[in-house]
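Q: Before going through the interfaces, can we have the structure on screen?

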Amino acid sequence: MAEGGKVVIVGGGGGGAIAANLLAGKFDVTVIDRSEYHYFQPGNLFIAFQGKGPTLYRRRIADLLKPRVDFVRDEVASIDLDEREVVTASGRELNYDRLIIAAGVHLDYSALENHEALLNTFGDYYHTQEMAVKLHESLRGLKSGTFVIAVADPIYKCPPGPLKAAFLSRELLNRMGRSSSVRVVLAVPFPHAYPSKTVSDVVEPELEARGIEVRTIFTADQIDLEGRKIVSLEGEELKFDVATVVPPNEGPKIEIRPDAVRDGSGFLKIDKFTSQVEGYDDAFAIGDCTNAPTSKSGVTAHLQAETVAKRIMGMDARYTGRTNCPIILDGLGTFVISDYEHPPVPVRLSKFKRFMEDLFVAAYWSSIRNPGFWGPVFEAYFRATEPEVLERLGGW
Amino acid sequence: MVARNLEVGSVRIDEEGAEALVKFVGLLKRLNELGLLDAVSDILSEDVVGGLAGLLLNTGTLKALDNVDRLTGLLGEVDYDSLDRLGDLISAVSSAVTEESKPVGLIGLATSLRDPDIRRGLGFTLNVLKAVGRSLRGAQQD
Ligand SMILES: Cc1cc2nc3c(=O)[nH]c(=O)nc-3n(C[C@H](O)[C@H](O)[C@H](O)COP(=O)(O)OP(=O)(O)OC[C@H]3O[C@@H](n4cnc5c(N)ncnc54)[C@H](O)[C@@H]3O)c2cc1C
């Protein structure tokens, strides 16, 4: 028995696994996840649009966690914050001294009519690896016509996801000799290609140069699979031959008592700096499942996991809202760099940033398994690229 | 000879794998003899790697690295034959920077023009100005 007490972590994805490995040995840590595997979700893009093999982008959760962490493979059904109790679908009851909820988002494919049918027809790059493989096959089979990438709600994890899909699918189709026979259309609910104008200014010329069409203020609302068209909330239509729509994102499908700790979309209400669940000093929520006013991204989950681990170890730590979401296109990359105090700063596209992103991807599994080792390296990078500093210098 | 088709955990090692493994063990033994395994293991500590990252990853280096392709591209434009003379020029200018200088007015300037070194310097400066102007004209026409 470790001295610190019992920490239960719900979810062994990006946030949960890092928190567990940082606390391993100092507390009795238990991670509960319904999935056998931890998925590197950006990998879906490489599977769908570069034909990469799925096994590259998944690891067994049990292998990613340090030996002193207990892994329970089960679905969490309910959490009672007052009773300090977590109950699983198979009836296990776990009590805790500290709780970390890191259960990610629930992707709601039932909100839009026919969305599930669309998913099963063409595949998708948000759903699962299997669906990413299917989308790859759909694109290989698309000899001519239109590939539409749309979004159903302005709040979704990894805001640059659809942009990356547009660039990478264009690259794939060009490689298959379909540069003029297949159009790629990116439809977004924003007035620009990306929510932030600063970032849009960087990427829009690149979209245009590659002939990627952008439909702005288009919030996918109805899917007509027979008629092969998507209708937006704003009343416009978009025809497709193959399409994929990012579904509305919600908080995790877990019964949490009291219900007051959740917002209207089911996200956990937290203190945005400490990740403490509103009203509870022994419960934290990190990563995609919270209402923190920043991008839902792996970087956010990682930094919040470090903050919470430090706080549980008795240190004072605060998360600044820092994001570092990559946008990649053929040979070039940029990052969306912002925090609670600063909207995204201008960051130009460069070969070096693409290389950095490739390095981040290469270091992913190691950084999950050994977050303590990588911590100071990432810290140096984040300090060197603080939004405040970059803003003063006119960007990066 | 090594056994064929060895099983290690869930991994099956074929003949080529076995050959690689034997070489690898040889390499490890050598690294161990030299004490390098210990050194590498010590270097790969949080403190050393973190310290190195803190030293090398700062706003300045990241900005420079971000432009490394442009900078190295520029290296191709350099007239390397002129580098020696440029080197002399740079050291002459650096020593002038540390010499004490007096404010000079129009009359002082006119008197200085009698000095042959100043006249040579002025000729050179005019050459540089001409080259700068030519390059600016090109940039403005782009
Ligand atoms: C296509 C795509 C590209 C992306 N690209 C990037 C990128 O380049 N950079 C970046 O920073 N981020 C990126 N992201 C976002 C990133 O993957 C997520 O933000 C990150 O995984 C969030 O971590 P998390 O721990 O909050 O949730 P997750 O990693 O989603 O983990 C949640 C875990 O909880 C488990 N779980 C959920 N409910 C239950 C339950 N009831 N019982 C038991 N277990 C449960 C799940 O099985 C899962 O393992 C991308 C996402 C997608 C989809």
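A: Start with the contact inside chain A. This is a predicted model. Between domain 1 of chain A and domain 2 of chain A, about 2700 Å² is buried, and carbon and sulfur atoms give 68% of that area.

Q: Why is an area quoted here?

A: The size of an interface is often given as the accessible area lost when the parts come together.

Q: Which residue ranges make up domain 1 and domain 2 of chain A?

A: The domain assignment puts 6-105 + 251-392 in domain 1 and 115-248 in domain 2. Taken over C-alpha atoms, the centres of these two domains of chain A are 26 Å apart.

Q: How many residues of each domain of chain A are in contact?

A: Domain 1 of chain A contributes 31 residues and domain 2 of chain A contributes 33.

Q: How many salt bridges and polar pairs cross this domain interface?

A: The rule finds 1 salt bridge between domain 1 and domain 2 of chain A. D330(A) and R210(A) form a salt bridge, with their closest N and O atoms 2.9 Å apart. There are also 9 residue pairs in polar contact across the domain interface, both residues at pLDDT 80 or more. On the side of domain 1 of chain A, the elements giving two or more residues are α2 (43-50), β21 (323-329) and β22 (332-338) of chain A. The largest share, 7 residues, is from α2(A). By class, that side has 21 nonpolar, 5 polar and 5 charged residues.

Q: Which residues come nearest to the ligand?

A: Of the 29 residues around the ligand, the nearest are G15(A), D33(A), V76(A), K164(A) and G298(A). For K164(A), a polar side-chain atom is 2.8 Å from a ligand oxygen atom. The side chain of D288(A) has an N or O atom 2.8 Å from an oxygen atom of the ligand. With V299(A), a backbone N or O atom is 3.1 Å from a ligand oxygen atom.

Q: What area do chain A and chain B bury between them?

A: The two chains bury about 1500 Å², 66% of it on carbon and sulfur atoms. In chain A, R348(A), F352(A) and F373(A) lose the most area to chain B, together 36% of what that side buries. The contact takes 19 residues from chain A and 17 from chain B.

Q: How many salt bridges are counted between chain A and chain B?

A: The count is 2. K353(A) and D66(B) meet through their side chains in a salt bridge, at 2.8 Å from N to O.

Methods: Residues are numbered from 1 along each chain as its sequence is written. Chains are lettered from A and ligands numbered from 1 in the order in which they are written. This is a predicted model: local features need pLDDT of at least 70, side-chain atom pairs count only at pLDDT 80 or more; totals for chains, interfaces and linings use all residues. Side-chain values use heavy atoms; hydrogens and water are left out. Domain bounds come from an automatic or database domain assignment. Contact means heavy atoms within 4.5 Å. Buried area is the accessible area (1.4 Å probe) that two parts lose on being put together, summed over both. A salt bridge is a side-chain nitrogen of Lys or Arg within 4 Å of a carboxyl oxygen of Asp or Glu. A polar contact is a pair of N or O atoms within 3.5 Å; within protein, one must be able to donate a hydrogen and the other to accept it, and residues adjacent in sequence count only if both atoms are side-chain atoms. Helices (H or I, at least four residues) and strands (E, at least two) are DSSP runs, numbered from the N terminus. Ala, Val, Leu, Ile, Met, Phe, Trp, Tyr, Cys and Pro count as nonpolar, Asp, Glu, Lys and Arg as charged, and the others, Gly among them, as polar. A residue is near a molecule or strand if one of its heavy atoms lies within 4 Å of it.
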